[in-house]
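Please open the structure in your viewer and keep the sequence at hand, and I will suggest what to select at each stop.

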Amino acid sequence: MFLINCPYCGERDQQEFKAGGEAHIERPKQPTELSDDEWAEYLFMRKNIKGVQFERWNHAHGCRKWFNMVRDTSNDEIKAIYKMGEKPPTQ
Amino acid sequence: MRNRYSVFSLIKNALSYHENWQRAWKDPAPKKEYDAVIVGGGGHGLATAYYLAKKHNMNNIAVVEKGWIGGGNTGRNTTIIRSNYLWDASAGLYDHALKIWEGLSQELNYNVMFSQRGVMNLAHNLQDVRDLKRRTHANRLNGIDAVYLSTEEVKKFCPIINTSPDIRYPVLGGTLQRRAGTARHDAVAWGYARGADAMGVDIIQNCEVKGIKRNGDSVEGIETTKGFIKTKKVGVVAAGHSSVIANMAGLRLPLESKPLQALVSEPVKPIIDTVVMSNAVHAYVSQSDKGELVIGAGTDDYVSYTQKGSHQIVEGTLNAILELYPIFSRMRMLRQWGGIVDICPDASPILSKTSIKGLYFNCGWGTGGFKATPGSGDLFAHTIANDEPHKLNAAFNLNRFVSGDLVDEHGAAAVAH
């Protein structure tokens with residue numbers, strides 16, 4: 001269990017949040033042009049990194065807004081939090 | 001030569017104060033080259049090595065394990081074994097495993113304490129009732145024993161369940177698979193390790209894989225903390241760490257690794273002689289031979305490799321347990337732990353060749369891999385030895401995420417994933 005600093009509400013218990021998976025997976029610009037391999041890549045393949053990973057979270061039981069998080073999945077340490085649409089921090 | 005375990009060996013060793021038992025497996029240093037290397041010394045990996053040696057005459061093989069054997073998810077699960085899956089492909093896979101379980105202790109000369117005490121799945125709403133009835137019919141068409149129980153029959157089979165109609169999630173019925181049950185998880189790893197070792201398999205513990213060496217599109221060997229091992233075939237059975245190994249080979253997998261928790265209570269006298277699972281409230285419980293209640297909770301929704309989980313997951317499970325079994329209200333929980341489970345988008349496993357020649361993956365078992373251990377090892381050994389899947393695991397290939405031919409057990413499995 002950890003605390004999450006919602007960019008809109010401040011620090012709250014993790015219980016209020018819902019994880020939304022890997023961040024910055026861009027929706028295909030031309031879906032009709034995509035091959036089956038490219039669809040599989042977009043829909044199913046994930047980095048699933050042990051270490052620093054970029055993810056989306058939702059303050060489901062709070063402001064209900066989405067935001068991004070940089071988190072180390074090997075120890076659950078949160079490195080950075082930034083709003084949707086902002087550029088991810090460079091390490 | 002491996003001495004057999006029997007009542008006579010027990011008496012003989014009792015007379016020498018149990019100080020002269022033979023080592024169950026050796027502790028070898030890795031050779032320079034093997035015909036095949038299995039990455040991951042859990043139940044599935046050791047079973048794979050065992051069947052490679054036994055059925056496919058591949059004796060010059062090794063299992064490399066970064067910790068100690070059976071120290072990962074093999075030692076962290078809730079030991080439930082069943083095969084009442086909805087889809088034909090899953091039914092074939094899991095019932096193949098269940099049939100091997102039934103003779104496993106004799107085959108391995110190692111007591112895996114397989115106990116066919118039955119597994120009951122509860123229905124709490126009308127949709128559950130419809131789903132479970134449908135699954136019962138599907139099971140029977142596939143030759144898997146299954147019966148549908150009314151509320152009264154559920155109560156009769158497991159009297160401590162609260163079947164009163166005024167609880168939040170009333171019990172409307174359930175299914176029962178009598179051939180299902182539990183086994184001792186550590187014994188499965190140890191039995192397969194002993195059996196594989198006796199046929200010449202090297203089991204190398206404390207040996208972490210650091211890289212996979214490729215020559216173009218084929219495997220040449222693995223870099224480990226104990227040096228480079230040359231091999232043309234690598235079978236990866238690394239559960240939660242499958243993606244980590246795949247990244248070393250430049251391969252992408254459709255997996256997410258998440259913590260799954262379980263807990264045990266203080267030991268008490270026998271009170272529940274079966275396994276009861278509930279999908280809707282996500283709680284399942286059985287009793288170990290020591291007398292502890294073994295309770296399985298759910299997964300967290302975020303990727304983590306920490307082998308911990310969130311408190312509210314356990315709290316939610318225990319709320320459900322207490323409503324279904326008021327008799328447990330004053331039990332104390334002794335231990336809680338987490339394991340990292342690798343979950344596929346369709347919640348079915350991957351037992352497959354890859355785009356890299358000589359690299360095979362056995363992963364994606366998610367929250368329910370223990371039950372499949374013998375079958376998974378058998379089929380994965382077949383896949384590695386023949387470079388072709390067995391017909392029972394052909395549907396569980398990696399290419400299904402491209403073709404769209406998913407084995408969608410996500411909503412159909414007995415508990416939510």
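Is R332(B) buried or exposed? With a relative accessibility of 58%, R332(B) counts as exposed, because that value lies over the 50% cut-off. Please keep in mind throughout the tour that this is a predicted model.

**Salt bridges in chain B**

With R332(B) still selected, add E266(B), and you will find that the two side chains meet in a salt bridge, with 3.5 Å from N to O. This pair links distant parts of the chain, for E266(B) sits in the loop between β14 (256-265) and β15 (275-278) of chain B, while R332(B) sits in the loop between α9 (311-324) and β18 (333-343) of chain B, 66 residues apart. Unlike its exposed partner, E266(B) counts as buried, at 18% relative accessibility.

Select R335(B) and E292(B) next, whose side chains also meet in a salt bridge, here at 3.3 Å from N to O. R335(B) belongs to strand β18 of chain B and E292(B) to the loop between β16 (283-287) and β17 (293-299) of chain B, so that distant parts of the chain, 43 residues apart, are linked by this pair. E292(B) is buried, with a relative accessible area of 9%, whereas R335(B), at 44%, is partly exposed.

Now select D95(B), K99(B), E102(B), D145(B) and R179(B) together, since salt bridges that share partners join these residues into one network. A further stop is the salt bridge of E208(B) with K210(B), where the closest N and O atoms are 3.9 Å apart, and where E208(B) counts as partly exposed, at 32% relative accessibility. Over all chains, a search of the whole structure finds 26 salt bridges.

**The nonpolar cores**

In soluble globular proteins, nonpolar side chains tend to be buried together. To see the largest nonpolar core here, which has 48 residues, begin with L46(B), Y51(B), W101(B), L104(B), V112(B) and Y192(B), the residues with the most contacts inside it. At least two residues of this core are supplied by each of β2 (36-39), α2 (43-56), β3 (61-64), α3 (88-101), α4 (104-108), α7 (185-198) and α10 of chain B. The largest share, seven residues, comes from α2(B).

Zoom in on Y51(B), and, leaving aside neighbours within four places in sequence, you will find it in contact with H56(B), I100(B), L104(B), E107(B), Y192(B), P374(B), G377(B), D378(B) and A381(B). There is also a second, separate core of 31 residues, and its members include L255(B), C344(B), I350(B) and F361(B).

**Helix α10 of chain B**

Select residues 373-386 of chain B, which form helix α10. At 1.5 Å a residue, the 14 residues of this helix should span 20 Å, and the end C-alpha atoms are indeed 20 Å apart, which agrees. The helix is mostly covered, eleven of its 14 residues being buried, and among the buried ones are P374(B), G377(B), D378(B) and A381(B). Just after α10(B), look at D387(B), which takes a positive phi of about 55 degrees.

**A nonpolar patch on the surface**

For a contrasting stop, select V7(B), F8(B), I11(B) and L15(B), which make a nonpolar surface patch of about 470 Å². L15(B) is found in helix α1 (residues 7-15) of chain B and is exposed, with a relative accessible area of 68%.

**Chain A**

Finally, colour chain A by secondary structure, which comes to one helix and six strands, following the pattern β-β-β-α-β-β-β along the sequence. Along its principal axes, the C-alpha trace of chain A spans about 45 × 30 × 25 Å, and buried residues make up 34% of its 91 residues. The accessible surface of this chain comes to about 5,500 Å², of which 46% belongs to carbon and sulfur atoms.

End the tour at K47(A), in the loop between α1 (36-43) and β4 (52-58) of chain A, which counts as partly exposed, at 44% relative accessibility. Which residues does K47(A) touch, not counting those up to four places away in sequence? They are E22(A), S243(B), N247(B) and R252(B). As a last distance to check, the C-alpha atoms of K47(A) and Q14(A), 33 residues apart along the chain, are separated by 23 Å.

Note on methods
Residues are numbered from 1 along each chain as its sequence is written. Chains are lettered from A and ligands numbered from 1 in the order in which they are written. This is a predicted model: local features need pLDDT of at least 70, side-chain atom pairs count only at pLDDT 80 or more; totals for chains, interfaces and linings use all residues. Side-chain values use heavy atoms; hydrogens and water are left out. Helices (H or I, at least four residues) and strands (E, at least two) are DSSP runs, numbered from the N terminus. The expected span of a helix is 1.5 Å times one less than its number of residues. Buried means under 20% relative accessible area, exposed over 50%, partly exposed in between (1.4 Å probe, protein chains only). Patches are made of residues with over 30% relative accessible area and no salt bridge: like charges are joined within 9 Å, nonpolar side chains (Val, Leu, Ile, Met, Phe, Trp, Tyr) within 5 Å. Accessible areas come from the Shrake-Rupley method with a 1.4 Å probe; for residues, only the protein chains shown count as cover. A salt bridge is a side-chain nitrogen of Lys or Arg within 4 Å of a carboxyl oxygen of Asp or Glu. Contact means heavy atoms within 4.5 Å. A nonpolar core is a set of buried Ala, Val, Leu, Ile, Met, Phe, Trp, Tyr and Cys residues joined through side-chain atoms within 4.5 Å.
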